[in-house]
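Trainee: Hi! Could we go through this one together? I'm still learning how to read a fold.

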Amino acid sequence: LKATLQKSNNLPPEIISTIERELKLFYFNAFKRRSKNLLTLELIKECYNDQINFFIDQVLNLVSKYDNECKQKDVYTDLMIFKNHEGCNKKILEKLILFITDRYNCIEFSSTELKSLLLFED
């Protein structure tokens, strides 16, 4: 899958590519019962492009927030909120958690917190 968005200098390419790939898969699966025509494909593309932009903006906002003040409780709460966005899945959240814990030494998640963050209904 080709990258559809301009890369951000503030985020590693692995996060952006994971977000793009997983959201594209999510929207193609969400629309799989619809007829396969150009209108449906354009609708899918519009949906995943909007959501990719939204996810990247959300991640950049979180990074900016934590750059200013790194609070363990806020990080966990913010990630639980982020988890509930349409299209978010375990792969996206895993990459985001790894990025955040690598970037900020002050953040460590307990096994209970990690389990609740990475628990998704199938």
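Trainee: How many helices and strands does the chain have?

Mentor: Happy to help! Keep in mind that this is a predicted model. The chain has five helices and zero strands. Read from the N terminus, the order of elements is α-α-α-α-α.

Trainee: What does the C-alpha trace of the chain span along its principal axes?

Mentor: The trace spans about 50 × 30 × 20 Å along those axes.

Trainee: And how much of the chain is made up of buried residues?

Mentor: Of the 122 residues, 36% are buried. The chain exposes about 7,900 Å², and carbon and sulfur atoms supply 51% of that area.

Trainee: Let's go inside. Which residues touch the most other members of the largest nonpolar core?

Mentor: That core has 30 residues, and I19, L79, F82, L93, L96 and I100 touch the most other members. Two or more residues come from each of α1 (13–30), α2 (38–68), α3 (72–83) and α4 (90–103).

Trainee: Which helix gives the most to this core?

Mentor: That would be α2, with nine residues.

Trainee: You mentioned L79. Which residues is L79 in contact with, leaving aside neighbours within four places in sequence?

Mentor: L79 is in contact with L62, L93, L96, I97, I100, F109 and L117. For the chain as a whole, take the contacts between residues at least 6 apart in sequence: 67% of them join residues at least 24 apart.

Trainee: New topic: rings! How many aromatic pairs are there?

Mentor: The count comes to five aromatic pairs. One of them is F28 with Y48: the ring centres are 6.1 Å apart and the planes are at 40°, so this pair is tilted. F28 is in helix α1 and Y48 is in helix α2, 20 residues apart, and the pair links distant parts of the chain.

Trainee: Are those two buried or exposed, or something in between?

Mentor: They fall into separate classes. Y48 is buried, with a relative accessible area of 9%. F28 is partly exposed, because its relative accessible area is 40%, and partly exposed covers what lies between under 20% and over 50%.

Trainee: What about Y66 and Y104, how do their rings sit?

Mentor: Their centres are 5.9 Å apart and their planes are at 90°, so that pair is edge-to-face. Y66 lies in helix α2 and Y104 in the loop between α4 and α5 (111–117), so the pair ties together parts 38 residues apart in sequence. Y66 is buried at 2% relative accessible area, and Y104 is buried at 7%.

Trainee: Which residues do ring pairs link into a cluster?

Mentor: F54, F55 and F82 are linked that way. You met F82 earlier, among the core residues that touch the most other members.

Trainee: Does F82 come up again? I mean, which residues does Q58 touch, not counting those up to four places away?

Mentor: Q58 touches F82 and H85. Q58 sits in helix α2 and is partly exposed, with 24% relative accessibility.

Trainee: Back to the outside. Which residues form a nonpolar patch on the surface?

Mentor: F28, L38 and L41 form one, with about 310 Å² of accessible area together. L41 is in helix α2 and counts as partly exposed because its relative accessibility is 43%. F28 is the residue whose ring pairs with Y48.

Trainee: Thanks, that helps a lot!

Key. Residues numbered from 1 in each chain as written. Predicted model: local features only at pLDDT ≥ 70, side-chain atom pairs only at ≥ 80, totals over all residues. Heavy atoms only, no water. Core = buried A, V, L, I, M, F, W, Y, C linked by side-chain atoms within 4.5 Å. Buried < 20%, exposed > 50% of the residue type's maximum accessible area, 1.4 Å probe, protein only. Helix = DSSP H or I, 4+ residues; strand = E, 2+ residues; numbered from the N terminus. Contact = heavy atoms within 4.5 Å. Patch = residues over 30% accessible without salt bridge, like charges linked within 9 Å, V, L, I, M, F, W, Y side chains within 5 Å. Areas by Shrake-Rupley, 256 points an atom, 1.4 Å probe, with all protein chains shown as cover. Salt bridge = Lys/Arg side-chain N within 4 Å of Asp/Glu carboxyl O. Phe/Tyr/Trp six-rings, centres within 6.5 Å; stacked < 30°, edge-to-face > 60°.
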